[in-house]
Amino acid sequence: MYPNGEWNWLKGGIALAAVAIAAFLLVKPIGVSTQFAVVDTMIWKTLDPNIVQKKEINGKEVLTSPNAYINKSHAAYARAAEHPLNYGLIFVLAMIGGAFVSVLTGGPKPTEHEKDVPEGFSRYFGQNKALRYTLAFIGGVLTLYGARLAGGCTSGHMISGISQTAVSSLLFAAGVFITAIPTAIWLYRKRKGGA
């Protein structure tokens, strides 16, 4: 462990591998971004109950949706929204709970100021809280949009997919690094004036 209680990359990597292997063996591969689509469908369903419909096909009741995105993969999002206590949603809630437990048991604790403007952000962009929240929001929207466009996020593709040698996941990872590295170099370049 580091002096401030953070795990080094090796311990973190071993822990992540152990969780991934346990998930593979006990339930199914790890994936997170799908749950945003599921929660969106749940919210939409409360506003418009017709977005998830029950139909009888060949004597069997199935769920379907008039929305093509919700209806893809045999209406997987419609089924998950109809039965929300599923593995994926519980996994995401457990991630939030795990972060909370980490803080309680000696994990890194940001100061009040760092909660608003982390040191890494202020080093390159100053102390502008509004800018930090705006960029975080835009980055989150773009990341989630890209993850759903790619059919998975870094968890689903880069942890689970690459472990299964899925070609789509290898392409996703290549695309992430081809765009992320130049973007980070440009975004975090040395500013004039010593910043």
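Helices here are DSSP runs of type H or I with at least four residues, numbered from the N terminus. With that in hand, start at Ile 90: select it and you land in helix α4, which covers residues 87–104. Keep in mind that this is a predicted model.

**Stop 1: Ile 90 and the whole chain**

Is Ile 90 buried, exposed or something in between? Its relative accessible area is 45%, and partly exposed means between 20% and 50%, so Ile 90 is partly exposed. Now add Ile 159 to the selection. The two residues sit 69 positions apart along the chain, and their C-alpha atoms are separated by 18 Å.

Zoom out for a moment. The chain has 9 helices and 2 strands. Colour by secondary structure and walk from the N terminus: the order reads α-α-β-β-α-α-α-α-α-α-α. If you draw a box along the principal axes, the C-alpha atoms fill roughly 70 × 35 × 35 Å. Of the 195 residues, 21% count as buried.

**Stop 2: α2 against α3**

Select residues 34–47 for α2 and residues 68–82 for α3. Their axes come within 9 Å and cross at roughly 70°. That angle falls in the 65 to 115 degree range, so α2 is roughly perpendicular to α3. As for the hand of the crossing, α2 passes α3 right-handed.

Stay here and show side chains for Lys 45 and Glu 82. They meet in a salt bridge, with N to O at 3.4 Å. This pair links distant parts of the chain, since Lys 45 belongs to helix α2 and Glu 82 to helix α3, 37 residues apart. Both ends count as partly exposed: Lys 45 has 26% relative accessibility, and Glu 82 has 25%.

While α3 is still selected, pick out Arg 79, which lies in that helix. Arg 79 has a relative accessibility of 40%, so it counts as partly exposed. Put a distance label between its C-alpha and that of Ala 174: the label should read 32 Å, for a pair 95 residues apart along the chain.

**Stop 3: α5, α6 and the start of α7**

How many salt bridges does the structure hold? The count is 4, and two of them are at this stop. Begin with Asp 116 and Lys 129, whose side chains meet in a salt bridge at 3.6 Å, N to O. Asp 116 lies in helix α5 (residues 112–116) and Lys 129 in helix α7, so this bridge ties together parts that are 13 residues apart in sequence. Asp 116 is partly exposed at 24% relative accessible area, and Lys 129 counts as partly exposed at 41%.

Next, select Glu 119 and Arg 123. They form a salt bridge too, and the closest N and O atoms are 2.7 Å apart. Here both partners lie in helix α6 (residues 119–125), 4 residues apart, which is about one turn of the helix. Glu 119 is partly exposed, with a relative accessible area of 42%, and Arg 123 is partly exposed as well, at 44%.

Before leaving the salt bridges, go back to Lys 45 and Glu 82 and add Lys 54. Salt bridges with shared partners join Lys 45, Lys 54 and Glu 82 into one network.

**Stop 4: the nonpolar patch**

Switch on a surface and select Leu 131, Leu 135, Phe 137, Ile 138, Val 141 and Leu 142. These residues form a nonpolar patch on the surface, and together they have about 550 Å² of accessible area.

Which helix holds Val 141? Val 141 is found in α7, residues 129–149. Why does Val 141 count as partly exposed? Its relative accessibility is 43%, which is neither under 20% nor over 50%, so it falls in the partly exposed class.

**Stop 5: α8 against α9**

For the last stop, select residues 154–163 (α8) and residues 167–187 (α9). The two axes come within 9 Å and cross at roughly 125°. The perpendicular range ends at 115 degrees and the antiparallel one begins over 145, so α8 is oblique to α9. The crossing of α8 and α9 is left-handed, whereas α2 passes α3 in a right-handed one.

Note on methods
Residues are numbered from 1 along each chain as its sequence is written. This is a predicted model: local features need pLDDT of at least 70, side-chain atom pairs count only at pLDDT 80 or more; totals for chains, interfaces and linings use all residues. Side-chain values use heavy atoms; hydrogens and water are left out. Patches are made of residues with over 30% relative accessible area and no salt bridge: like charges are joined within 9 Å, nonpolar side chains (Val, Leu, Ile, Met, Phe, Trp, Tyr) within 5 Å. Accessible areas come from the Shrake-Rupley method with a 1.4 Å probe; for residues, only the protein chains shown count as cover. Buried means under 20% relative accessible area, exposed over 50%, partly exposed in between (1.4 Å probe, protein chains only). Axes are lines fitted to C-alpha atoms, for helices over the stretch in contact, and angles run from 0 to 180 degrees between N-to-C directions. Angles under 35 degrees count as roughly parallel, over 145 as roughly antiparallel, 65 to 115 as roughly perpendicular and the rest as oblique. A crossing is left-handed if the near helix is turned anticlockwise from the far one by less than a right angle, and right-handed if clockwise.
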